[in-house]
Amino acid sequence: MSRFTLYRGEDAPVSDADDLLRSAGAKVIASRPGLVLIEASDSVADDLSKSLVGWRVTAERVAAIRPPRPRVPKKVKE
């Protein structure tokens with residue numbers, strides 16, 4: 001199973017799609033108004049993108065956090 005992010009557009013008639021997502025077979029991981037993270041198969045996500053008018057379904061993207069840059073020691077006054 002893959003994870004997908006759903007974004008609500010301004011013209012979307014459904015503002016809260018949690019019940020519809022669960023009934024379609026998707027597992028809701030996190031939800032906020034206008035934004036939902038789900039876990040589902042590719043075919044379920046494709047069906048949801050067709051049935052949820054005004055919502056955009058995209059595959060989850062994960063960004064790597066760069067390690068912090070090393071600090072330069074302060075110059076000691078002599």
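## Fold and order of elements

Read from the start of the sequence, the chain runs β-α-β-β-α-β. That pattern holds 2 helices and 4 strands. The model is a predicted one.

Several elements recur below. Strand β1 covers residues 2-8. Helix α1 spans 18-24 and strand β3 spans 35-40. Strand β2 takes in residues 27-32. Helix α2 runs over residues 42-51. Strand β4 occupies 55-59.

## Overall dimensions

The chain has a radius of gyration of 20 Å, whereas a compact globule of 78 residues would be near 12 Å. Its C-alpha trace spans about 70 × 30 × 15 Å along the principal axes.

One pair of residues shows a wide separation in space. L52 and V76 are 24 residues apart along the chain, and their C-alpha atoms are separated by 63 Å. Another pair has that spacing in sequence: E10 and G34 are 24 residues apart, with 9.2 Å between their C-alpha atoms.

## Surface, burial and charge

Of the 78 residues in the chain, 24% are buried. The accessible surface comes to about 6,500 Å². Carbon and sulfur atoms hold 52% of that surface.

The chain carries 14 positive and 11 negative charges. The mean positions of the two sets lie 17 Å apart.

Contacts reach across the sequence. Among those with a separation of 6 or more, 63% join residues 24 or more positions apart.

## Helix α2 and its buried face

Which residues of helix α2 are buried? They are V44, A45 and L48. Viewed down the axis of α2, these buried residues fall within an arc of 100 degrees, so they line one face of the helix. The general geometry of an α-helix fits here: with 3.6 residues a turn, residues three or four places apart point the same way.

The cover over the buried residues of α2 includes β1, α1, β3 and β4. On the face turned away from the buried side sit the exposed residues D42 and K50.

## L52 and L20

L52 follows in the loop between α2 and β4. Is this loop residue buried or exposed? L52 counts as buried because its relative accessibility is 3%, under the 20% cut-off. Leaving aside neighbours within four places in sequence, L52 is in contact with L6, A17, L20 and L21.

One of those partners, L20, lies in helix α1. L20 is partly exposed, with a relative accessible area of 37%. L20 and L52 are 32 residues apart in sequence. Their C-alpha atoms are 8.9 Å apart in space.

## Strands β1 and β2

T5 belongs to strand β1. Its relative accessibility is 12%, so T5 counts as buried. What does T5 touch, not counting residues up to four places away in sequence? The list is L35, V36, L37, R56, V57, T58 and E60.

K27 is placed in strand β2. With residues up to four places away left out, K27 touches L37, I38 and E39. L37 is thus among the residues touched by K27, and L37 is also among those touched by T5. K27 and Y7 are 20 residues apart in sequence, and the C-alpha to C-alpha distance between them is 16 Å.

## The loop after β1

E10 sits in the loop between β1 and α1. Why does E10 count as exposed? Its relative accessible area is 82%, and exposed means over 50%. L52, also a loop residue, is buried at 3% relative accessibility.

How values were computed
Residues are numbered from 1 along each chain as its sequence is written. This is a predicted model: local features need pLDDT of at least 70, side-chain atom pairs count only at pLDDT 80 or more; totals for chains, interfaces and linings use all residues. Side-chain values use heavy atoms; hydrogens and water are left out. The radius of gyration is taken over C-alpha atoms; the globule rule is 2.2 Å times the number of residues to the power 0.38. Buried means under 20% relative accessible area, exposed over 50%, partly exposed in between (1.4 Å probe, protein chains only). Contact means heavy atoms within 4.5 Å. Accessible areas come from the Shrake-Rupley method with a 1.4 Å probe; for residues, only the protein chains shown count as cover. Lys and Arg count as positive and Asp and Glu as negative; His and the chain ends are not counted. The place of a charge is taken as NZ of Lys, CZ of Arg, CG of Asp or CD of Glu. The arc is that of the directions from the helix axis to the C-beta atoms.
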